[in-house]
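Okay, everyone, thanks for coming. Let's put the structure up and walk through it together.

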Amino acid sequence: MDFDALFDRLYPPLFRYCHRMTGDRDQADDLAQEAFFRLLDRGVQGEEPGLKVWLFRVATNLVRDRARTRETRRRLLSALPPPDPVPGPDREMERQERARQVRLALEELSPRDQEMLLLRQEGFSYKEIADAVGVAPGSVGTMLARALRRFSEGLGEGETAQSEELRNETSR
Amino acid sequence: MRHPDDGLILAFLEEELATGEEAEIRAHLAACAACGAEVDGLKRALERSARALTLLDAEPPTREARARLEARRAGNRKPRGGRGWWLPLSRAAGIVLLLAGGASAAVPGSPVREWIARGWGAVRAPGTPAVLEGTPGAPEGAVAAPEVQPFPFETGATLLPEAGGVELWIHEVPPGTEVTVLLSEEGQAGIFAGTGTRYRTEAGKLEAWAPPGAVRVELPRDLPRAVVGVNGVVVLRQAGAQREIMGVVVRQGAGEIVLRAPSGTGGSSNAPRPQG
């Protein structure tokens, strides 16, 4: 196994996870990089699936350490006014507003529920989620179902069609 | 059967159930309209959640991040200060593992040896020391790194938990020896002891036969299940945040528990010492 190839495969999902957790691109990059640094620094060995769980677990702990920052950011987000209607095309403004709502819905969940929901989105099995988050494997389904329902409810009614439309718009 | 709860239905939808359980749920869902509605609700929640989360995503700066990581590695060859003894110990986990590998290489079929053989260079960044000078069993072409010798007299081995649990057993420890259990924030567990220690691993289990001298155990703080045993006697058991200490405590702090090795009974894990 080649480290560069490993990095190229695992950095993007780790960055995405950290970015979804923190809402901050620079922080996400720092956290993902710190996890890889520790992997090398501590000489952790093993097969890729095990290393992936290790990296996500370290990143999860790092994010938890920054919980205070997150709480501050949450307060700031809640206090943010709606986007300024003057600059930028309407679609981009709308996308930003939806992203803000998604972020707020995510932050309504407990940190552990966020972690579990986002790890599942990254394709982690229930067993891997249990290992990474530190819960009993048998409780993952129930905890995930609860997180999923809360998050989905927090998104509001209009999310589905709107997000689909906005994503298509962005990808064109 | 009774109506399955949300967790079971979700596990069914996400194909996380064992075959027998899945068949049972499938049969129930086919005949139960109320649970069918639950399935539809969870499916919708899964779909809209996945779609919504993509709105938060940004392009990952992969290439730049790799370059920064390499630069950072290049600037961190020497041990750093300011992090107490966690850093050297953790560093030791990576480096002295290879010494342990050299020792256990004499054990036919040793999982530690196989692990090291497979992992050699697997996650080694350019310039990362692979082995200390004079390490027995070093592969050809291994690079010596004389500037990094944090714990030259210790060996160690680490492993990742299996299904959220680990068992760590240390054998042949002279009674009365201090065994330090470090509660770590990291994901892997480990045993660190003197030169000549022999290690054996299997899924979720690590055993060490240590020569006289200090022994250190590294244990992830929040691991759902963990057992630490010395001389065949369980001295510590952990279930998430709950920790039960059965051994004699010499001293205890926030991040470590120092126990006195019992005389031993040859109890639950008294595997024969690896020869070599």
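Let's start with helix α2 of chain A, residues 25–41. Helix α2(A) has 17 residues and reaches 24 Å from its first C-alpha to its last, close to the 24 Å expected at 1.5 Å a residue. That expected span is 1.5 Å times one less than the number of residues. When I say helix or strand, I mean a DSSP run, numbered from the N terminus: H or I with at least four residues for a helix, E with at least two for a strand.

Before going further, keep in mind that this is a predicted model, where local features need pLDDT of at least 70, side-chain atom pairs count only at pLDDT 80 or more, and totals for chains, interfaces and linings use all residues. Residues are numbered from 1 along each chain as its sequence is written, and chains are lettered from A and ligands numbered from 1 in the order in which they are written.

Back to α2(A): which of its residues are buried? Among them are A:Leu31, A:Ala32, A:Phe36, A:Leu39 and A:Leu40, and also A:Asp29 and A:Asp41. Buried here means that 20 or more other C-beta atoms lie within 10 Å of the residue's own; exposed means 12 or fewer, partly exposed is in between, and the C-beta atoms are placed from the backbone. After α2(A) comes A:Gly43, with a positive phi near 60 degrees.

One more stop in chain A. A:Arg146 sits in helix α8, residues 140–155. A:Arg146 counts as partly exposed because it has 18 C-beta neighbours inside 10 Å. Its C-alpha is 9.7 Å from that of A:Leu109, and those two are 37 residues apart along the chain.

Now over to chain B. Chain B has six helices and twelve strands, and 37% of its 276 residues are buried. Take the contacts in chain B with a separation of 6 or more: 68% of them are between residues 24 or more positions apart. A contact means that two C-beta atoms, placed from the backbone, lie within 7 Å.

So how do the two chains meet? On the B side, 56 residues are in contact with 64 residues of chain A. Helices α1, α3, α4, α5 and α6 of chain B each supply at least two residues of that side. Which of them gives the largest share? That's α3(B), with ten residues. By type, the side of chain B that touches chain A divides into 29 nonpolar, twelve polar and 15 charged residues. For that count, Ala, Val, Leu, Ile, Met, Phe, Trp, Tyr, Cys and Pro are nonpolar, Asp, Glu, Lys and Arg are charged, and the others, Gly among them, are polar.

Let's look at α3(B) itself, residues 33–54: 22 residues, reaching 32 Å from first C-alpha to last. B:Leu42, B:Ala45, B:Ser49, B:Ala52 and B:Leu53 are buried. They are on the same side of α3(B), because they cover an arc of only 100 degrees around the axis; the arc is that of the directions from the helix axis to the C-beta atoms. On the other side, B:Ala33, B:Ala37, B:Asp40, B:Arg44 and B:Ala50 are exposed.

Next, the sheet. Six strands of chain B form an open sheet in the order β5-β6-β2-β8-β9-β10, with mixed pairing. Two strands pair if DSSP finds at least two bridges between them. β5 and β10 of chain B stand at the edges with a single partner strand each, so one side of each is left without a neighbour in the sheet.

At the β5 edge, five bridges join β5(B) to β6(B), and the two run antiparallel. B:Arg200 stands opposite B:Glu207 there. These two strands form a hairpin with two residues between them, and B:Gly204 in the turn has a positive phi of about 75 degrees.

What about β2(B), buried or exposed? Seven of its seven residues are buried, so β2(B) is largely enclosed by the rest of the structure. Six bridges join β2(B) to β8(B), running parallel, and B:Trp169 has B:Gly229 as its bridge partner. With β6(B), β2(B) has five bridges, again parallel, and B:Leu168 stands opposite B:Leu206.

Last one: B:Pro220, in strand β7 of chain B. B:Pro220 counts as buried because it has 24 C-beta neighbours inside 10 Å. B:Ser184 is 36 residues away in sequence, yet the two are 4.8 Å apart, C-alpha to C-alpha.
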